[in-house]
Each structure stands twice: as structure tokens, then as C-alpha cells.
Amino acid sequence: MPSAHRLSRPFSPRRGTDSSRLHLTRPPVPSRLSADLSIISNGPEKKRRRRRSIIALLSCCFILVLCLIQYEILRLDNLAVEHGSIFGNGMTGLSVKAIKSTGLTDVVQWDRNSMIIRHRPVFIISGEFHYWRLPVQHLYFDIFQKMRATGHNAVSIYFHWGYHAVREDNLIFQGVGRDIQAMLDAAKRAGLYVIARPGPYIHAETSAGGIPGWLVTKKGVKVRTDESTYTKAWQQYWSEIIPIIARNQIDRGGNVIALQIENEYTESDFYPSARKYMRELSDGARKLEIVVPIFHNDLNMFESFTPKNFSGVDLYGLDSYPRGFDCRDPMSNFNVLTNYRQYLAKVAAETPNFSPEFQGGSYDLWGGTGYDSCMEMTGPEFVNVFYKNNVAQKFTMMSHYMTYGGTNWGGLASPSIYTSYDYGAAISESRIVRDKANEAKLLWTFLRSSPSLLNADFVADSDTYAYTDNNDVFATELRDPRSLTGYYVVRSRNTNSRDGKAYRLNVRTIADGLIQIPYKGSLTLRSRESQIIVTDYEAGPLRFGYSTMEVFTWTTVDEKPVLIMYGNFEDLNEFSIKQHGDVPFKFYNIRGNAVLLNYGVKSASTENNDLRITSMLDGESRAVVESHDYILLLMNRPDIYNVWALGWAADLDPNTPPHQQVIVIGPYLVRNVTSKDNGKTLNIYGDIDMESNSGDIVEVYADSSFENIKWNGQLMHTYPTKFNSRTFTVPKPNNNLAEITIPDLRRAEWRGIDAIPDIHEKYDDSKWTVADKFESTNKWYPPETFPVLYPGEYGFHVGNVIYRGRFSGCNAKGVKMQIWGGAACGFTAWLNGEYLTSDRGSPGQHWIEKEVLFPDALASTKKMNILVILADRMGYELDNGVTERDPHSTLNPRGIRLVRLIPEDPDDKCEFSQWTIQGNAGGEDYDDLLRAPYNEDGIYAQRIGAHLPAFDDTSWQSATPFVDLLAGMHPLSPIPGAGVWFYRTVVDIVIPDILDVPIGVRMRAGEHSGVRVELFINGWQFGKYISDIGPQEEFPIPPGIINTNGENVVGVQVWAVDSNATAGLEVLEFFAYGKYASSIGGVPHDDYKGWSVEREQYVS
């Protein structure tokens, strides 16, 4: 290269830095890269360059021989690389240290750089998925395919103890939503490793952190300790779930590569037996034949349960949520953490840098701003900057919480959060691939295509060396000691800054030593952007000198490397390639169907077998550089999201090497590529967005040995391009085939009933549970009045519960109540059938205390008085012993803690003579085991099974849930005032199997309407709406819950909380989130009715 392109001196220390100290801590540089560049020789330039090239070539050959020898040692002896100096000037080279393993299998091993699977180092790029938040077995594969397509090679899974342990003596691992073997099979079929996280405690913003309700209410239980009741319970759970996981370990033909015990736990004064408890979990897993590595995830940098201080774990995991969970101001606090590497080097130097939970979104709270804000807070900008910062911090194992969030159907949620668990995740609750998923795909695919990055060492960063000419731009240099590939992670020094920045970058290359790029002009760092600039990058036989465009991935087509890079079309893009001789090349600019030769090339030069191209893409084009030796595909950043790289190997190895990838450009989604006829036909499976004007023109880079290409099973007529690719057009289904039927619920035939007859004085509650306990199991939060009125102690653990209290013979003037239900809980009380008082609830109110005087003549001194209280419960609290130093938070009461009559005369004795309680039908003896234990609560309509498909509602009156249509309906239809109504209808939905149309239900009742609504679809409670609190008004319903080819039973339970409310809605409608021509096929609807004749005992 021209001498003007060189730096006149080695890297300069940053201003204000002690240069003498820096001299002692120079970045380690190989001797051939650190030649004195401050003086240019006066000898003939041509000879000097030839000599330097020969030396570089010989050095590369020498390194290659060393690497081949070392590889053979590693392969034969299971030995790993440890740093040692053989290159001079401190450049790290190769020495030998034993690879670590559990000693029980060598299929999964690790060294300090990475996990090693089947003797191959691998990045672990994982995402969190909760099968219990998507109880449709057929859709597991859909989500897993989308994860694989967007660059993941692993899935992390919390297993929910409480969901499987419907009763103390009944653990269920089969059936809809619970068949974890089917779920693990789907992950393997999609080509994903599995990180298994069976708890026992999982947190996960689910009721009691996944601990069963029947255990939370046992006497003396101390969760997450070695207390005997808790120990006996988790060991029973462990004895059934761990063997299933063990059978699916990778050494036995499955795909489980690691197992987590407990969750975000620590030793403290609050958990004095923590070490013993954790030892029992670890030993228990090993006794049940877990052979893969065991780890724990530390909540923060607490150094909790590391391999250094606790022999029960093999790996250390650090959870990190750098943006927190406040979605109200999504653009603030955009500050990366920069001390991961130093911390992990201190606490876990011999294991890979691992984050079992790195922020993938955020939960939102009752009364929050909604998940659109959470998605914005952790959107593409966050992914670009924070995830690349993790690369700079040397993480090689990352799992992102969440990648698909799902739904808190029924009573799954912990008290603070609502039905949606969308989490602002990469894949939306409605299963749509978001832009942040495609942004992450760029990085994940690059990492999986760059194995040299696994062993790259931290060299230095802008805290010690001036990597850029702009002090506001921060760079970190990583370099692989074997290949000498350099990775420069560039970001704003102040990542919270919204300003763009121009800069030039000082880099090292093998051939040219220290140089500054670009050759002319500047690079651009946009607002909240990060870039990874590579030097001496290897893509098969192709080697780069450097590139200012970012690498997406590479493959080979007919043994020719195809490298895909991307950049912003407004920026200067420059790259150099080390060629073997003077290789001619062509530069094509592609605008739609037009191919323009050399359009957009600003400059191109070849010198010393070095091709350097400077180009400017425009917003409507992409470019191809073609030679006999390689193809470079240069993409505009806005277009790169629709480029897909998937392995086509028959076994879908999660660690597919880049050269086995097929590149597909154009569609909304490419799920999978396969070949089953000896490589003659390439089968591509994917989705086309029917509402987009693009995506149906597809371009494929694949070997010519694939004579045919099929899209979703249909043979395509392909057209060859000038640069080794083939194109075809996917025919979108015509209107007849793509016609869908989504019903208008305002025109549906509705029936309804008064769903709370329990308030009437003459209601027969003789079959209800009598509250007869005068000693509570809860010693931490004991009742303040008796009998005990905590429903959980009588076997009712979910949702609404109804109390009937009797008193007579005393002159009571009022009542004082204290009701605990968790955040946003509410209640309504009636006396002798008349409305008395209520509370609509608020997000920050976890319990309600109210004292109310009886209206004149409402309470009688001569007859039995009936006080009825309908109280909502929002789930059991999470264990907050680590986060809030409260190890007894799961024991926060649910139900009435205090209820006391207020006599007219303070000296009079005025007490309730009896209390009865009613929750879900059967209590812990669930009638509907399919959806148990979180689906139902104690409202009359649910007890009789009115929400279930097989219920006969022919005796019900015509009704409507729409408040504007109530006038003129049956005289018993709801009128303004406190009460509960249940509405029911049957409607047809038709979606052809060739389409995937995510469906939702929108509910709205006015901001201050005072209603609490539960939505049932075919028996499943898939929506809880609180009009005065919000924010959720739209509720995705997955296919499989919805019958997409026939009848659907819709049930809507509307609780008008007070006298100013009406049990109805303003808006209740189905809608579609999108329309995709898809290979997913029709999703079977389980037509299990769930209703049985035993429900008739609850009919009054």
C-alpha cells in the first residue's frame, strides 16, 4: 500500500497518560507486526516490499505448521490452549493445559475460552423459552425454528415445578403443555442445544417463583433451604424430572449440554443453610445421572457459588440486566458495563465467560406503559451496542432472557405483572420475528462463523491506547494468537450519547503492520451504534487484510468462498483482500432486477497482491465483487435483515460449520433447509409476509450439485445470476386460497348469566368449605382475626375467592377488613345482598385495609346477616430473600387477614358465627387436569364449567357483553352496579393451513369503568383485563388454543367492582397481527372438552 497510508509512529498513548508506564504494558504484538514504522527505508521500495511479503509468507507457513501440530495434540489428548509467549514481544502463542470436564463425559468439555462439544470449541448463543407459557406443543417447533433462523444454536428452558405438580401426590409430564419430552425433541429437531433449568425455584415472574401453591401453604415450610418439608417436596419433583432431562443429555443422543441448579441464589444471614441446600441439589442431580456441567446463575457480581468456592458447580454464570426494568423512559440509561471481563477473570478464570441470563427485554408491571416501550428500550440499538460490548468483554456463552416470552395465562403470573409476558423479546408474544431478532441475527451468525474469535485475547482498549483519532470513539482490540485475526469492537465512549461520530481507526495487519483505515476519508459511528472491524479475517481460503464493513457470514459455493458483509449505504465502505497473484475482479451493483457493472466503485487498486476497494452503496442497491477465487456480497444495512444463513446438514448440528451453510436472500423468514435425495434437491422452508410488497423474490447461494430447489415443497423455476446464485419467485397464494374468516363478535349470538348468585341471602352454601381452622400454617404473617381465612390453607390457590360470613344477635354498625391479594388486587363486599363497599385496586397496593359503616337498616339485630366478600388474588409472591432481604415473601398472605365487626357499643361482643369459603371447583382435586392448576378460580360460572367447550348453555338467556347494546336486552341483563356477569358465544374461525395468521382479542371498557375481566377461549383463560389499571388491552391467542378451522367457544367474565361500574365492555373483537404464507402448516386444536358431570354439584 502507498506509504502515505501508514502511521508515522506506533500507537500513541491517550492525552494525559503516563507514557513511561504505558511503555511497560504495550499491547502484545507479534514481532513481524511491530517493526519500527517511524522510518521509511531509502532502499528500493519494490525490493523492500518483496522481502517483507516473503517473510510474512514464511511466517504464516510456520504458524500454520505449529497450529496443525497443536490441533493434533488437542484432538488426541483432549488438551487445550493456554497462553504462552512464542512469537516474541509478548504476543500470545500456544502452550498446553488439560481441558476440563465433569469426569463423567467427554462429549461436553470446556476450557477458559469456550465450551467444547464433541471436541470442537463453540460459541453458545442461547435464548430463553418457557413451554408452560405457550401450552401448544405444535408451536414449540415454530419458536425453535425461528430461534435457529435468527442465529441461535441453543435454547435455555425453565421447568416449572408448580405447573407439573398439580397435587402433592401427582406430578404430570405428559399431555398438552406438559410433555417435556416432546418439547426437547422439538428443540433437537430444530438444531438447538438445550440448557436445562429445573429450579426447584425459578423466579421467572411466575406465582411463587414456580413453587407449587400446596407447598407454599404447608406448616413450617421454608422455601429454598434445607428445611425438611421443602426438601422432601423438591426431592420428589427432582426424582421425576431429572431422569427425563438425563435421558436427553447430549452423550445419550439428546441435546442437553448443561444443567442449572436453583436460581440467583446466595449465601447470607437469610439463607444460613444455602451451601448445604445447594450441595443437596448438585449431589441429587449427579445421583440421578446428570453428567453434563452443572452451574448456578449469580444474580449480580456476588461471587455466589463459583467453581472456586463451591465444588458442586462446574461453570460460573453471571446474570446481567444493564438497562433495568423501567420501560417508562426507554431512551435513558443507555450505558454499557465495562467490568465484566475483569470480574470474571477474578472469580472464574478457568471457565468460559458465561451469562445464563443477559437482558433480552424487560417485564412490565400492572399500570405500566406496555411492552412496546420495553421493546423500544431493548430494541435493535440495544442489541447492537450491548451485545457487541459482551463480545469485547470476552463472553462466549450467552443466553438472552427472554427470546420468546409467551403468556401468563390463567394464574401463572406473579402479582406485579399482567397476562402478557411478551417481554419486548426478539420474538413477540404473537410469534412475529421482530427487527431486534434480525439485528441479533447479524451478530450471532457472525460469531458462529468466526471460530478464531473464541480464542481471541484481549489486547488493549481506548482506556490505554489511542485506537482512533476521535477521543469520543472507544475501541477494544481482540486478537487470536493462532490465526492473528484481529477484532476491533468500536462504540461511543459515552454510549448514552445520541450524536454520530466520524473517526479513523488504527489497526494492525500481518502484511502492513500498523495502518490507519480508511485510506481516505472517515468512518461513521451513528447514534447508539457499535461496529466490529476485522483484520486478517479468514473465510475459508479467503483472507482479508481488513474491512470497514461488518462481516455477516460466509460459505462456499462450488468450493468458491462467498462472503457477506454489510454497511450503511451513506457511509464510505472499504476493504482489502490478500490475493494469490493478480486476480481480475468485477464489481456489480444490483438495483432490483438490473445489474450494473462497476457502478458505485469510488476507487479500486491492486498492489502487492492486495485488492483494496472503496465503494459507496446507495439506498436502493447492493453490490457483488466477483473473481475466480471468491465472491463478496455487499449489503445495505436496511436490507441485511432479510438475509438468512442456515446449515443444510441432515442432522441439523447446532455447531454447523460455515461452509455447510446455504444463503437465502429475500423472505420474511427462512426456517430450515434440507436435502434428502442425495443432495439433488434443496428444500427451503420459510414464510412470506403476505402484507408486504417484497420478500417473494428469493435468491439462493448453494452448490450447483443441488439440481432442484423447492420452496415449502413446491418446485421452483430458478434463474442463474452472473455470480453463482440462483433466483426464483415464490407465488403468493391467491385470494381464494388465502381467504380467512375472523368473526365479528358484536354480531355473534351471546348468552349470559349473573355469575355471582352467591351474594343473595338465600343462596345455599352448604357444600362450601367451612373455615374452621384456628391455627394458621403461616407463622410469619399470621391472621389477626380467626378463623383462618387464607384460602390457600383450604386448598384454593388461584384467582378470585368468595367468602360468606354470618353474624346475628348483635348491634353491629360496621366492619373493618384487611385483604391481601398482591399488586393490583381488588375486592367487592355485599351485605344481605346489597352492595356495601369495594376497592378497584392499584399497581402499588398489595393489600387493602378498609373500615366501612353499614347503611341504615341494612344490618339486622333479629335475623342472620350475610357478609359476602369477593376478593381477587394476583398470585403468590416471589421469594425476595436475595433481592429485598426477605426470605419469607412467598408467605405473604392471600385472602382476608383481618375482618372484625364494629359494634355500636364498644363494650358489646359482636362476632361472626361462621365463615365459608369457595375457590375453584374441587380445590386441589382439580376437575380439569388438562388446564390445572392455574386456569380457574372461584366465580360461580367457572365452578359450573361455563367456560368449557362442552358446557350446555341452552337454558341461558340472550345477553350481550357490549355496554352500548344492553338497552332492550333481556330484563335480567346487567344494569349499572357491582356484580359479575359471564357471557358466552360460539363462533367459527377459518384460516387455511398454508397461512400463519396470529390472532388476538382486543378488550376495552373505558379508562375509569371499574371492571375486571377474564377472557376464556375454548376453556383456557388467556386474558385478564383491569380497566382502571391496564396497560394491556390486546391479548394474543395462539393457534391450538384457538381452533383455526372450526368452532370456538368464547367466554367473557366481567366483574363490575362498584356501584358506578357496569358488567360490560365497549370493545371486544378479534383481530390479526399479520398474515404469512408459511410452512408451519395447520396447528392441531386439542378438542378436549374438560367438562364433566361432576360440575353439576356446583349448580344452584
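In the predicted model, the lining of the largest cavity comprises 6 nonpolar, 11 polar and 5 charged residues. This lining is made up of 22 residues, and those nearest the cavity centre are Gly410, Gly411, Arg873, Met874 and Lys1024. The volume of the largest cavity is about 220 Å³. In total, 16 cavities of 30 Å³ or more were counted.

The second largest cavity encloses about 150 Å³. It is lined by 16 residues, with Gln531, Thr548, Gly567, Asn568 and Asp571 closest to its centre. Two elements, strand E22 (523-525) and strand E27 (560-567), each contribute two or more residues to the lining of this second cavity. By class, 5 of its lining residues are nonpolar, 7 are polar and 4 are charged.

Nonpolar side chains tend to be buried together in soluble globular proteins. In this model, the largest nonpolar core contains 215 residues, and Phe144 and Ile869 have the most contacts inside it. The element that gives the most to this core is helix H7 (residues 228-247), with 10 residues. A further core of 53 residues lies apart from the largest one and includes Leu344, Ala348, Leu447 and Ile532.

The surroundings of Ile869 were examined further. When neighbours within four places in sequence are left aside, Ile869 is in contact with Val801, Ile802, Tyr803, Met817, Ile819, Phe827, Thr828, Ala829, Ile896 and Trp915.

How values were computed. Residues are numbered from 1 along each chain as its sequence is written. This is a predicted model: local features need pLDDT of at least 70, side-chain atom pairs count only at pLDDT 80 or more; totals for chains, interfaces and linings use all residues. Side-chain values use heavy atoms; hydrogens and water are left out. A nonpolar core is a set of buried Ala, Val, Leu, Ile, Met, Phe, Trp, Tyr and Cys residues joined through side-chain atoms within 4.5 Å. Buried means under 20% relative accessible area, exposed over 50%, partly exposed in between (1.4 Å probe, protein chains only). Helices (H or I, at least four residues) and strands (E, at least two) are DSSP runs, numbered from the N terminus. Contact means heavy atoms within 4.5 Å. On a 1 Å grid over the protein atoms alone, a cavity is a set of points where a 1.4 Å probe fits but cannot get out, and a pocket is an open set with protein on both sides within 12 Å along at least five of seven lines; lining residues have an atom within 4 Å of a point. Grid points are joined across faces, edges and corners, and a volume is the space filled by probe spheres set on the points. Ala, Val, Leu, Ile, Met, Phe, Trp, Tyr, Cys and Pro count as nonpolar, Asp, Glu, Lys and Arg as charged, and the others, Gly among them, as polar.
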